[in-house]
Amino acid sequence: MTSSSSTAVSLSTQQENESFEDSSSDNPLDSGKETKPPDLTLVPSDFRPSRIEPLLPAAPQTDDGDKETLHHRLFDFFINGREQEDFGEEQIPLQPALLSKFLGKEPVRTDFPLWVAPDPKTIPDGLFCPVSELFSGAIAEFAPEPEASRILKDSLPVLEEHLQQLLLQHPEPLNFDPLLKDAFENAKKRFGLSGEDASRFQEDLQQLRDRIPRKGFLLRLDQHTPLHLLANLLKALQKEKLESFCTEIQRLRHHLQELLQVDRSKQPEHRQSNHLDSALGQGTRFINTSELSGVLQEPATLMLDEKRRERIIRVLGLLERFEETFLEHDAHLLVHEEGQPKVCWEEFFPNSMIYPVLSGKGSLEAGEVCIEVLAEMAKFFTALRIARLEEEDAYQMESHDRFFEHFDWKMLSEEELQLAPPVILIENESTLQSADGAELAELLRSSRPVKVMLLKNRTLPAFVPPESDLEAGIGQLRDSLFNFRPEPGYFAVSQRKALVLQSSPVRLEHCVTGMVEALQNPLPAMLHILTPDAETREGVDPFLWSGAAIESREFPLFLYKPGSSKAWGSRFSAEANLQADTDWPSSELNAVDENHEAVTLPMVFTPADFAALDETWRKQLMPVPKALSDDESLIYLADYLELSREDAYEHIPFIWQTDQNNVLRRTVVSFILVQICRERLDFWRLIQEMGGTHSFHALQAAQDARDELSIEHEAQIAEMLETHAAELEQIRKETSENAMDQLAGALLGMDFDVGMPSGVPAPDLPPPEIPLEETLVEAVIPEEEEEVVSFDEPWIETLRCTSCNDCLEINPKLFLYNGDKQAYLGDLSTATFQQLVIGAEKCPAKCIHPGKPLNPDEPGLEALMDRAAPFN
Ligand code: SF4
């Protein structure tokens, strides 16, 4: 439905132009238009701004004394929010930096004008379509390549802008086709093309014209748009839901009429001669009706029971009123003739029953009208249910009489309630008085299928300090802003029973889908709709104004559907908001500095940025004097809002704005606006939590689960460490005993089965088998240092001896062979340390280890120990 939506739009309009050839698809948008990720979805994503990037100037050199004076004045503005003071600089209009690319002179493509189908096949997809999508979809059919029909593609914003201008002169919906012709002629004149370009442009316009619907009409965006959307939805929905219902009513009426006709034919007077005379007419010239009457026999079947006949006549009478009950009016509307918007309600809603109401009385009267309508519905559906039973010959007097005697609207099924024309109260902030609050709450809790449409055309609080005493006025405003704002949408949610939509036509799909849900749902509903009026535009495109209100969290979107699920959280959705999981939508602004170097500034969009679009509130924003642009007390508003009140002291919050020359300026946000930002942030966080984002309870549950897992994990690790330590100790003990045994054996010249005359950890032994889970533990345990076993005594690794005889030649009493002719140490008292070292050096198997000198007085020990070291 919108450019950012994937919803299809079926065009069912019959084309008047004979040259029109229907495409293979009903949907001109199937081929889609190019999209790119938007920075902020304030306007459709295919808008290509042509403006250059803004300039970020450097801070000028200024005397410190001057800076201090300016700083005090700036801080004073922040605290008091007085009118902008003269800082000796030219006062220039500023605009929010993130919107600067949309606020130029170039036309901005939006979802308006909006085309409305006269006879849609599907609702709401086929009912509304932005003209921009009609154009882009049609062009994609005959010029899908990017460079094809370039002039036409580039002229689309101009065509759409011209349609907008035409609609501004005529606020009521206008027929599409004459406007389209006008826009084409205007484009041809404006571009002044000639030659081949002019011919190609003409051909492309014709192709475009041939592919878009001629019927239907166009809507502009203003305070009346929600009413037009509602009127068209009522008409289309009522028609759609009554189509099959009409057929059933006709069938039942026909059946009951037949029953009565047959019954009449069985009555005795139908066999009398005077009745036959009138029945036969001219035929009496040939038939004697007196004789015929005498021979006619009693009917074979029984006549209707008197009570049944009366019941059928009564039911038929009620069914005969079907057209009056369901088709004459598609809705019952309660409106304020004195309030805003001032419209001719009969023209806006030609098929609806209009009830004027007084301010403050709307809810009460809507409840009463709804009860009357429901009573009529109960009577009609009683008749319908009886007719169905009669058709089946299944009416049981004893039970059904009693049942239908007590039948009222509360016994209607959901389907029956959905068929009833809705009762709708249209309010706005000026007509919905606080005195009406209790009645409104009762209405929304009543289970009656009454709908309240509350139109909103301002978002920021009214800022009208009395001119006579500006300071006192600002003081009062500051005080009042400590009170949180009333939120009708949230108020309606708190009644639990009502479907609540908070939306705006600028988020077309969200708005229309929610309205359809509300109209089709038999529950009460509140439609809280933001729509710009002429006063709030102030030169700002109404689409942009409304989009900025939504994206700044001033007016967040949401939908609450009670009864859709048992779980409360699943009934509430705020996903339609931009970057719904963050406090503020953020984007990066590309700029250039004075040296033409690219600079990227991260920015967020807040109510203070939105306030810059409002003539009264923008006075609460003060451009920072150029001399103070590097002042250390300045802090970006989003960061300021994160500070505690203590930390915020002495800081001055600012936002980024651009001037008419596209130069970036820091702008101080007054304390009043900061309060507004805090209040909106609080409300937004409430909406987030209700929608399941950053839900305290969900986060707490997740943390509890993590803590539980962590405790379990730590216990497992502790157990594994304990097991590992025990295993390690056991291995160490066994290894040490084994080594000591073997060492002792080696020293005593014993032969070992294991063949390891060594006291060192056995290198050739297979590693002890340790269960897999314990090896996992080892991975997380710092490896303990192996105990190094060293020996001062000389020794020989007997099993490795190759029997070369070299050592025996040095000292045959020291080096001896065993029975296997492998060397071992003999009488150490005959040995010198030098002989042991020489033996070790000579031994080809490197199995002689000299140890340390036994005689400390042996000469040259220092050098000998150095030589011995590699063999120990
Ligand atoms: S020198 Fe080494 S290999 Fe040769 S006999 Fe002596 S211990 Fe054995």
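Two strands count as paired if DSSP finds at least two bridges between them, and strands are DSSP runs numbered from the N terminus. The model shown in these views is predicted.

**View A. Strand β20 with its partners β17 and β19.** Strand β20 spans residues 664-669, and 5 of its 6 residues are buried, so the rest of the structure largely encloses this strand. Strand β17, residues 621-623, runs antiparallel to β20 and is joined to it by 3 bridges. One position in this pairing is L621, whose bridge partner in β20 is V669. Strand β19, residues 652-659, is also paired with β20 in the antiparallel sense, over 5 bridges. Here W656 has R666 of β20 as its bridge partner. β19 and β20 make up a hairpin with 4 residues between the strands. In the turn of this hairpin, N662 has a positive phi of about 65 degrees.

**View B. Arginine side chains over aromatic rings.** R666, the β20 residue bridged to W656, lies over the face of F654 at 5.3 Å from the ring centre. In a second case, R553 lies over the face of W684, at 4.1 Å from the ring centre.

**View C. The buried strand β11 and its neighbours.** All 5 of the 5 residues of β11, residues 499-503, are buried, so the strand is largely enclosed by the rest of the structure. Both of its faces are covered: one carries L499, L501 and S503, the other V500 and Q502, and each of these residues is buried. Strand β12, residues 525-530, pairs with β11 in the parallel sense over 5 bridges. In this pairing, H528 of β12 is opposite Q502. Between β11 and β12 the chain passes through helix α18, residues 508-520, and the resulting β-α-β crossover is right-handed. Strand β13, residues 558-560, pairs with β11 in the antiparallel sense over 3 bridges. Q502 stands opposite F558 of β13, and the bridge partner of V500 in β13 is Y560. Q502 therefore has a residue opposite it in β12 as well as in β13.

**View D. The open sheet that contains β11.** Strands of a sheet pair through backbone hydrogen bonds, in either the parallel or the antiparallel sense. This sheet has 8 strands and mixed pairing, in the order β8-β7-β9-β10-β12-β11-β13-β14. Its edge strands are β8 (352-356) and β14 (572-573), each of which pairs on one side only.

**View E. The loop position of E338.** E338 lies in the loop between β7 (331-335) and α11 (345-348). Its relative accessibility is 68%, and exposed means over 50%, so E338 counts as exposed. E338 and V357 are 19 residues apart along the chain, and their C-alpha atoms are separated by 9.1 Å.

**View F. A cluster of phenylalanine rings.** The whole structure contains 23 aromatic pairs by the search applied. For F245 and F326, the ring centres are 5.5 Å apart and the planes stand at 80 degrees, which is over the 60 degree cut-off, so this pair is edge-to-face. F245 belongs to helix α6 (residues 225-265) and F326 to helix α10 (residues 322-327); the pair links distant parts of the chain, 81 residues apart. F245 and F326 are both buried. F322 and F380 form a tilted pair, with 6.0 Å from centre to centre and 35 degrees between the planes. This pair also links distant parts of the chain: F322 is in helix α10 and F380 in helix α12 (residues 362-391), 58 residues apart. Both F322 and F380 are buried. Ring pairs join F245, F322, F326, F380 and F381 into a cluster.

**View G. The residues around the ligand.** The surrounding residues are C801, T802, S803, C804, N805, D806, C807, Y817, A823, C843, C847 and I848. By class, this shell has 8 nonpolar, 3 polar and 1 charged residues. Cys counts as nonpolar in this classification.

How values were computed
Residues are numbered from 1 along each chain as its sequence is written. This is a predicted model: local features need pLDDT of at least 70, side-chain atom pairs count only at pLDDT 80 or more; totals for chains, interfaces and linings use all residues. Side-chain values use heavy atoms; hydrogens and water are left out. A residue is near a molecule or strand if one of its heavy atoms lies within 4 Å of it. Buried means under 20% relative accessible area, exposed over 50%, partly exposed in between (1.4 Å probe, protein chains only). Helices (H or I, at least four residues) and strands (E, at least two) are DSSP runs, numbered from the N terminus. A crossover is right-handed if, with the strands pointing away from the viewer, the path from the first strand over the helix to the second runs clockwise. Rings of Phe, Tyr and Trp (its six-membered ring) pair if their centres lie within 6.5 Å; planes under 30 degrees apart count as stacked, over 60 as edge-to-face and the rest as tilted. A charge sits over a ring if NZ of Lys or CZ of Arg is within 6 Å of the ring centre and within 35 degrees of the ring normal.
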